[in-house]
Amino acid sequence: LQGLENQYKALEKNQTQAENGLHVAQLRFKLGMTVPLEVEQAELTVQEIKCGMQDLARAYGQLQMLYENPWLLTIPPKNNE
């Protein structure tokens, strides 16, 4: 759980940097200093980080639930073949 928390915190920092980069790209585009592709790439980076954060939050919730309720973990039956 602590490892996932650390990863999430790192992604939060990356998200802040990516959003700042997006803002810069949008400003540069508005001033005619770049092409739309640069803005789209910056937007994609922000979205990828957000998806990663959602995945980590989901995994954290599942792991926490299994930690608090270990009986929910099912062991698949063995095949006798």
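Helix α2 has 33 residues and reaches 48 Å from its first C-alpha to its last, close to the 48 Å expected at 1.5 Å a residue. The model described here is a predicted one. Helix α1 (residues 2-30) behaves in a comparable manner: its 29 residues should span 42 Å at 1.5 Å a residue, and its end C-alpha atoms are 42 Å apart, which agrees.

The two helices are set out below.

| Helix | Residues | End-to-end C-alpha distance | Buried residues |
|---|---|---|---|
| α1 | 29 residues (2-30) | 42 Å | Leu4, Leu11, Gln15, Ala18, Leu22, Ala25 |
| α2 | 33 residues (36-68) | 48 Å | Val39, Ala42, Val46, Ile49, Met53, Leu56 |

**Overall form**

The secondary structure of the protein chain amounts to 2 helices and 0 strands. Its radius of gyration is 20 Å, well over the 12 Å that the globule rule gives for 81 residues, so the chain is more spread out than a compact globule. Along its principal axes, the C-alpha trace spans about 70 × 30 × 15 Å. Just after α1, Gly32 adopts a positive phi of about 80°.

**Packing between the helices**

The cover of the buried residues in α1 includes α2, and that of the buried residues in α2 includes α1. An α-helix has 3.6 residues a turn, so residues three or four places apart point the same way. In α2, the buried set consists of Val39, Ala42, Val46, Ile49, Met53 and Leu56. In α1, Leu4, Leu11, Gln15, Ala18, Leu22 and Ala25 are buried. Among contacts in the protein chain with a separation of 6 or more, 59% join residues 24 or more positions apart.

**Leu56 as an example**

Leu56 belongs to helix α2. Its relative accessibility is 11%, and because the cut-off for burial is under 20%, Leu56 counts as buried. Leaving aside residues up to four places away in sequence, Leu56 touches Leu4, Gln7, Tyr8 and Leu11; of these partners, Leu4 and Leu11 are themselves buried in α1. Leu56 and Glu43 are 13 residues apart in sequence, and their C-alpha atoms are 20 Å apart in space.

**Surface and charge**

Of the 81 residues of the protein chain, 17% count as buried. The chain exposes about 6800 Å², of which carbon and sulfur atoms supply 56%. Its side chains include 7 positive and 10 negative ones, and the centres of the two sets lie 5 Å apart.

Key:
Residues are numbered from 1 along each chain as its sequence is written. Side-chain values use heavy atoms; hydrogens and water are left out. Helices (H or I, at least four residues) and strands (E, at least two) are DSSP runs, numbered from the N terminus. The expected span of a helix is 1.5 Å times one less than its number of residues. Buried means under 20% relative accessible area, exposed over 50%, partly exposed in between (1.4 Å probe, protein chains only). Contact means heavy atoms within 4.5 Å. The radius of gyration is taken over C-alpha atoms; the globule rule is 2.2 Å times the number of residues to the power 0.38. Accessible areas come from the Shrake-Rupley method with a 1.4 Å probe; for residues, only the protein chains shown count as cover. Lys and Arg count as positive and Asp and Glu as negative; His and the chain ends are not counted. The place of a charge is taken as NZ of Lys, CZ of Arg, CG of Asp or CD of Glu.
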